[in-house]
Amino acid sequence: MINLKKHIVIALFYFLIVSLMGILLRFYVVTPLPINHKFLLHAHSHTALLGWVYLGLTTLIYRIFLQSADKPKLYSRIFYVTNISILGMIITFPIQGYALFSIIFSTLFLFASYWFAWFAMKYVPEHFKTRFSWRLIKIALWYLVFSSIGPWAIGGVMSTLGPTSIWYKTSIYFYLHFQYNAWFILGLLGILFFFFEEKGVQFNPQNLKSFLYLFNFGGIATFFLSALWFQPPKIFYVLGGIGAVVQMLAFSDLYGIIKPGFPIIKREFGQYSWLFLKIAFVLMGVKLLMQLISAHPYMANLAYRLKDFVIGYLHLVFLGIIITTLIAFLKYFKLLKLSKSFVWLFLIAFATTEILIFYKATAFWIGLPFFAEYYIFLAVLSCLFPVAIGILFFANIRDTKVWPLKNLGN
C-alpha cells in the first residue's frame, strides 16, 4: 500500500520552494541579487504548476479513483519519473532558463503526464466509469494532454521564428490557459462531484450535461482572450467575449446545481476547509468578471501595458481558487493536516499582496499616488507565504513521520 501522505509532503516541499523563489523575485527589485530574474521566474512558475498543484491533484485522483485498481508499482514508477523531471527543472531553470537540460526535464515531465493520463484512463475500475465525477476527471486529463501542444510548439517557434515572435508567447499562453481553466478546474470539480456522489446527492442529468457543454465551449473560446495582447483581428475579441459570457453561464448553472449541497460541504469539511472553498467560490466570480471585461479592446491593451493586472489575475486564480480548493480536498480526504496558523497567515499574505499588486496597476492606470516603499512592502508581506507554507510542511512531516525526499514510492 502506497503511503499517499508522503506524496503530499513532497508536493508541499515543492510549494515551499516555490514560495522561497517568489521571495527572491520580489526582493530582486528592492536590492541587487546574484540571480537571473527571468530564469528564476521560469523555475518559479514551472515548480508551482507541475510540482505542487500537479502532484497534489494527481495524488487525489489516484487516491479516489485508482487506488482500488491495485497497481501501486506502476503508479510509483510514474511518480518517480515525475519527481525526477520536477527536481531537474528546479535545478536547471534558475541556471540556464529555457536551454538544453531544462528542456530535457520539461519534456520528460510531459511524457510522465501522458503516462499518468494513460494509466488513469486504462485502469480506472469499471464501477467509476458511469459516474459524472469520473467523466469530469477524464475530460480534465484530455485537457492536460491537449495543453501540452503549447510546450511542444515553443521548441519549433524558437528554432524558426525566435522568442520575439508572437507565436512564442501565444504557445506559452495556450499551455497556461488550458492548465488553469480546464485541467485544474475540471479536475477539482470532478473531486467535488465525487464527494456529492458518495453522500448520495442527486443531480438532474440534463443540468450536468448543459454545464459541461457550456464549460467546454467557453473554455476553448476564452483562449482567444489570451491572444489579445498583440491586437489581433476584431473576430478574436468577439470570440473571446462570447467565450467569457458562456463561461459565466456555465458557472451560473454550476452554482445552481451544487448550491443545495453547500450545507453538506459545510458539515463534512470543517471550518477552515469550508472557508477556503467559500473564498474559491467568490473569487471564481471575480475571475469570470475580469475575463469578460478583458474582452474589450481598451482593457485588453491595458492589461498588456500594465503587467501587474495579469500577475494579479494569475495569482488570484492560482492562489485564491486552485490552491484553496486543492488544500480543502486534501484535508477532507485525510492526505493533509491543516492548522489554524497556516490558514490565517496564508490568507493575510494572499489578500495583502493581491491588494498591492492591483493597486500598483490601478495607480499607473488612473494616476493614483504611488509610494516609494511599495516594493519593500510587497517583498516583506510576501515573506508570509514561506512562513505559512513552512508551518504546513513541517506539521505534515511530523504527521507522516518521514523526511519527504526518502522512500518516495512507499
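**Exercise 1. Find which residue Glu197 pairs with in a salt bridge, and place both partners in the chain.**

Step 1: Glu197 forms a salt bridge with Arg131, and the closest N and O atoms are 3.4 Å apart. A salt bridge here is a side-chain nitrogen of Lys or Arg within 4 Å of a carboxyl oxygen of Asp or Glu.

Step 2: The two sit in distant parts of the chain, 66 residues apart: Glu197 is in helix α7 (residues 166-198), and Arg131 is in the loop between α4 (100-123) and α5 (132-147). Helices are DSSP runs (H or I, at least four residues), numbered from the N terminus.

A word on ground rules: this is a predicted model, where local features need pLDDT of at least 70 and side-chain atom pairs count only at pLDDT 80 or more, while totals for chains, interfaces and linings use all residues. Residues are numbered from 1 along each chain as its sequence is written, and side-chain values use heavy atoms, with hydrogens and water left out.

**Exercise 2. Work out how exposed Arg131, Glu197 and Glu198 are, and what joins them.**

Step 1: Arg131 has a relative accessible area of 21%, Glu197 has 22% and Glu198 has 46%. Each value falls in the partly exposed band (buried is under 20%, exposed over 50%, partly exposed in between; 1.4 Å probe, protein chains only).

Step 2: Glu198 also meets Arg131 in a salt bridge, at 2.8 Å from N to O. Glu198 lies in helix α7 and Arg131 in the α4–α5 loop, so this pair ties together parts 67 residues apart in sequence.

Step 3: Salt bridges with shared partners join Arg131, Glu197 and Glu198 into one network.
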